[in-house]
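Q: Please take a close look at one part of this model. I would like to follow the sheet, strand by strand, and then see what surrounds it.

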Amino acid sequence: MVKIMIAPNRYIQGPRVLKETGTYIVHLGSRVFFIGGPTALSTVKDQVSASLNENSMEYQFEAFSGECTRASAARLLEKARRFLADVVAGVGGGRAIDTAKAVSHGLGSALVIIPTVASNDAPCSALCVQYKENHMLDRFLILKRNPDVVLVDSKVIAEAPTRYFVAGMGDALATWFEAFTCTKSSAKNLPGGVTTAAALNLARLCYDTLMEYGVSAKLAVDQNAVTPAVEKVIEANVLLSGLGFESSGLAAAHGIHEGVHALGGTEGALHGELVAFGTIAQLVMENYSRGEIDRVIDFCKAVGLPVTLRQLGVSDASPENLMKAAEVACMEGLTTHNCYFEINPELILGAIIGANALGEASLKRS
Ligand SMILES: [Zn+2]
């Protein structure tokens, strides 16, 4: 078995690093095509353009909202081509970042990622998830290489709504458990090898960091403050989780997230919120100790992650309805199949119901 680990070329994190954007990316090219959500672009535009001007770089900002689809990427690719871009930069959350990845892939350009929220572990990876117009999964596009530069301004992250920061912890919460499962099954990671000790240990460090600093970081971000705990959790959400998932592998938590996401009522739930619930369900399915599951549920409650289907917006928790989620989670090509035992919809259904019951009971106790 061949071990493969991949990573972004440079990861840069700190308060106000965006003021030096030009300095950090000037080696990549001179014409930068920015793709970002309208809010994200208005947050970073002034400092980024001032720094690019200082470095005599040309740039164009392209506001983007909506789903990351093949059509939206094709449209923006055309604009980037017309601008003669040699660098594509994604600014914002998951959708803008994934769209920038797809455009850069099509263009064959350098890729810069500037997350303005730490809501998921997309920034460092070579994975681009594309959706259909109806929000259902379309395909996993694997880029030829990881982003060249990932630029994370911790002040910008801390000033974004806390809910995104917390959702990022939900996504990062799954990383260790999914990585460990993939180790047991020797499942292939994203680049098609098996995990390294390095990637597995980064996944573990991700989990330990959340447990140690998650709650205090959340409280600081509530006040828009950057503290050492906030820096630790940003690194866990963006770098450790990103490297951990990509070079170790995803498993049932993400598969169940797709399943629950297909249920009515979850449209407003964030990726990391669904993944947090998926993590609890994976632990139930793998029969983790009650102590370990309680630790995860207590953490979720302490930082404000959902632990029940109701909190995710699912009003119909009947087995018939939940079976739809279980069937989606078992679809071919989903990472649920990276488990070290054979999975089927009944097994997933039991895990979803079991996780929801533990979550409801825990909420009643507090
Ligand atoms: Zn994820």
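A: The answer starts with the sheet, then moves to its helices, its loops and the neighbouring domain.

This is a predicted model. Six strands make up an open sheet, and their pairing is parallel. The order across the sheet is E1-E8-E5-E4-E2-E3. Strand E1 (10–14) and strand E3 (58–63) take the edges. Each has a single partner strand, so one side of each has no neighbour in the sheet. From one strand to the next, the twist averages 15°.

Now to strand E2. Strand E2 covers residues 31–36 and pairs with E3 in the parallel sense, over six bridges. Three positions show how E2 and E3 line up. Arginine 31 has glutamate 58 of E3 as its bridge partner. Phenylalanine 33 has glutamine 60 as its bridge partner in E3. Phenylalanine 34 stands opposite phenylalanine 61, again in E3. From E2 the chain passes through H2 to E3, and this β-α-β crossover is right-handed.

E2 also pairs with E4. These two strands run parallel and are joined by five bridges. Phenylalanine 33 takes part here too: its bridge partner in E4 is valine 88. So what does phenylalanine 33 link? Its bridge partners are glutamine 60 in E3 and valine 88 in E4. Is E2 mostly covered or mostly open? E2 is mostly covered, with five of its six residues buried. As a general point, side chains in a regular strand alternate between the two faces of the sheet.

Next come the helices on the sheet. Helix H2 spans residues 38–54. H2 lies across E2, E3, strand E4 (87–92) and strand E5 (110–115). H2 runs at about 175° to E3. Helix H8 (residues 228–248) packs on the sheet as well. H8 touches E1, E5 and strand E8 (149–153). The direction of H8 makes about 160° with that of E1.

Two loops deserve a look for their backbone angles. Most residues other than glycine have a negative phi. Serine 56 is not a glycine, yet its phi is positive, at about 55°. Serine 56 sits in the loop between H2 and E3. Is serine 56 buried or exposed? Serine 56 is exposed, because 9 other C-beta atoms lie within 10 Å, and 12 or fewer counts as exposed. Arginine 16 also has a positive phi, near 65°. Arginine 16 lies in the loop between E1 and helix H1 (21–25). Arginine 16 counts as exposed too, with 12 C-beta neighbours inside 10 Å.

The sheet also has to be placed in the whole chain. The domain assignment gives domain 1 (10–158) and domain 2 (162–365). The C-alpha centres of domain 1 and domain 2 are 26 Å apart. Their contact takes 23 residues from domain 1 and 27 residues from domain 2. On the domain 1 side, E1, strand E7 (137–142) and helix H5 (154–159) each supply at least two residues. H5 gives the most to this side, with four residues. By class, this side of domain 1 has 14 nonpolar, seven polar and two charged residues.

One residue in the second domain rounds off the view. Methionine 169 is found in helix H6 (residues 162–185). Methionine 169 is buried, because 30 other C-beta atoms lie within 10 Å; the cut-off for buried is 20 or more. Which residues does methionine 169 contact, leaving aside its neighbours within four places in sequence? They are Leu210, Gly214, Val233, Asn237, Gly272, Val303 and Leu305. For asparagine 237 there is also a distance. Its C-alpha atom and that of methionine 169 are separated by 5.9 Å. Along the chain, methionine 169 and asparagine 237 are 68 residues apart.

Technical notes
Residues are numbered from 1 along each chain as its sequence is written. This is a predicted model: local features need pLDDT of at least 70, side-chain atom pairs count only at pLDDT 80 or more; totals for chains, interfaces and linings use all residues. Two strands pair if DSSP finds at least two bridges between them. Axes are lines fitted to C-alpha atoms, for helices over the stretch in contact, and angles run from 0 to 180 degrees between N-to-C directions. Two residues are in contact if their C-beta atoms, placed from the backbone, lie within 7 Å. Domain bounds come from an automatic or database domain assignment. Ala, Val, Leu, Ile, Met, Phe, Trp, Tyr, Cys and Pro count as nonpolar, Asp, Glu, Lys and Arg as charged, and the others, Gly among them, as polar. A crossover is right-handed if, with the strands pointing away from the viewer, the path from the first strand over the helix to the second runs clockwise.
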